[in-house]
Every structure is written in C-alpha cells, then in structure tokens.
Amino acid sequence: MADMPAVENRFLADHADLLISSYKAATGQSLLLAQEDDAAALYYADFVVLSHDTQADPVLTYANLRAQGLWEMGWDEITQMPSRLTAEPDERAARAALFEALRGHGFLNGYEGVRVSSSGRRFRIRDAVIWTLTDASGLHHGEAATFKEVEFL
C-alpha cells in the first residue's frame with residue numbers, strides 16, 4: 001500500500017501519470033484539463049477516480065478525495081479494500097462481467113450501477129468510464145474508473 005497522496009510524495013505522481021496516460025491511450029481523450037501539477041489536480045478533482053490492481057480479487061490502489069468522500073473512507077482504509085466491495089452483493093456479478101468485457105476492449109463508457117458506502121449509503125453512478133491501466137511497455141497494472149454523476153438513493 002502506498003502512502004496517501006501528498007505534497008511530500010508528489011501526490012503519487014507515477015500512479016497519477018499511469019492513470020492519465022492510460023486513459024488517453026484507451027479513449028483518445030484527456031482525463032484532466034492542462035494542469036501544472038496533474039497528480040495534485042487528479043487527487044483534488046471534482047470527479048471520482050479509482051483504480052484497482054491485478055490480483056484475482058483486485059484491491060483498490062487509488063481513490064481521489066471525491067471517491068474517499070463517496071465511500072466514506074480514508075486513504076488507508078479504502079486502499080486495503082477489495083474493489084468488489086464498492087458494490088452491493090447483488091450488483092457484484094454484473095460488475096465482474098463488466099470488467100471481463102472491458103479487458104477485451106480497453107475501455108467502456110456510459111456505465112451505470114449502484115454502489116454502497118462503508119456506512120451502507122447507496123448511490124447510483126452514471127456515465128462512468130472504465131479503462132485498463134497499461135504502461136508504455138504494455139504491462140497491465142489493473143483497471144480504473146472515473147465518473148462525476150452520482151444520485152443518492
């Protein structure tokens with residue numbers, strides 16, 4: 001587990017660069033507007049950005065402040081959580097199928113689904129983009145998601 005993004009570690013610039021460059025490679029679009037410090041901008045963005053690793057039961061590796069607020073968890077807690085637990089039990093099979101389909105295409109957009117916070121608060125995410133995290137050498141590091149639209153249920 002990495003330290004929480006902060007000035008001292010350049011807001012995990014290497015992972016932020018992977019998120020940003022993979023998004024651009026997969027979608028042809030920019031995740032952020034031009035910023036002097038993309039890693040800090042990503043961490044403080046007004047939209048959610050999450051990523052998970054490549055384990056059989058993937059664990060979250062990144063959650064910006066907006067994501068931490070939605071799931072009502074701090075950095076240390078959220079980056080130890082299997083990503084499947086971001087969804088309610090009856091949503092997990094559909095979520096798993098989505099990630100399987102994603103691996104064949106590189107990215108999916110327009111995803112919608114119900115998620116649940118650590119306190120049990122339910123919310124629907126809309127118009128999410130999900131993409132594979134692949135570095136310049138082609139090594140797969142996991143998957144990531146971003147979305148802005150949230151409807152509390």
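Two strands are said to pair if DSSP finds at least two bridges between them, and this idea of a bridge will guide the walk through the model, which is a predicted one. With that in mind, one can begin at strand β5, where phenylalanine 147 is the bridge partner of valine 48. This link is part of a wider pairing, for strand β1, which covers residues 48–52, and β5 are joined in the antiparallel sense over five bridges.

Strand β5 also pairs with strand β4, which covers residues 122–134, and here six bridges join the two strands, again running antiparallel. Within this pairing, isoleucine 130 stands opposite alanine 145 in β5. The chain passes from β4 to β5 through a hairpin with five residues between the strands, and in this hairpin glycine 138 takes a positive phi near 90 degrees.

How much of strand β5 is buried? A residue counts as buried when its relative accessible area is under 20%, and six of the eight residues of β5, which covers residues 140–147, meet this condition, so the strand is largely enclosed by the rest of the structure.

From β4 the reader can step to strand β3, residues 107–116, which is antiparallel to β4 and joined to it by eight bridges. One of the residues involved is arginine 115, whose bridge partner in β4 is phenylalanine 123. The hairpin of β3 and β4 has five residues between the strands, and there glycine 120 takes a positive phi near 95 degrees. When looking at these strands, it helps to remember that in a regular strand the side chains alternate between the two faces of the sheet.

These strands belong to a protein with five helices and six strands, and along the sequence these elements follow the pattern α-α-β-β-α-α-α-β-β-β-β. Among contacts between residues at least 6 apart in sequence, 48% join residues at least 24 apart.

What does the overall size say about the shape of the protein? A compact globule of 153 residues would have a radius of gyration near 15 Å, and the protein has 14 Å, which agrees with that expectation. Along its principal axes, the C-alpha trace spans about 40 × 30 × 30 Å. Of the 153 residues, 47% count as buried, while the accessible surface comes to about 7800 Å², with 51% of it belonging to carbon and sulfur atoms. Finally, the protein carries 13 positive and 23 negative charges, and the mean positions of these two groups are 7 Å apart.

Methods:
Residues numbered from 1 in each chain as written. Predicted model: local features only at pLDDT ≥ 70, side-chain atom pairs only at ≥ 80, totals over all residues. Heavy atoms only, no water. Buried < 20%, exposed > 50% of the residue type's maximum accessible area, 1.4 Å probe, protein only. Helix = DSSP H or I, 4+ residues; strand = E, 2+ residues; numbered from the N terminus. Rg over C-alpha atoms; globule rule 2.2 N^0.38 Å. Contact = heavy atoms within 4.5 Å. Areas by Shrake-Rupley, 256 points an atom, 1.4 Å probe, with all protein chains shown as cover. Lys, Arg positive; Asp, Glu negative; His and termini not counted. Charge placed at Lys NZ, Arg CZ, Asp CG, Glu CD.
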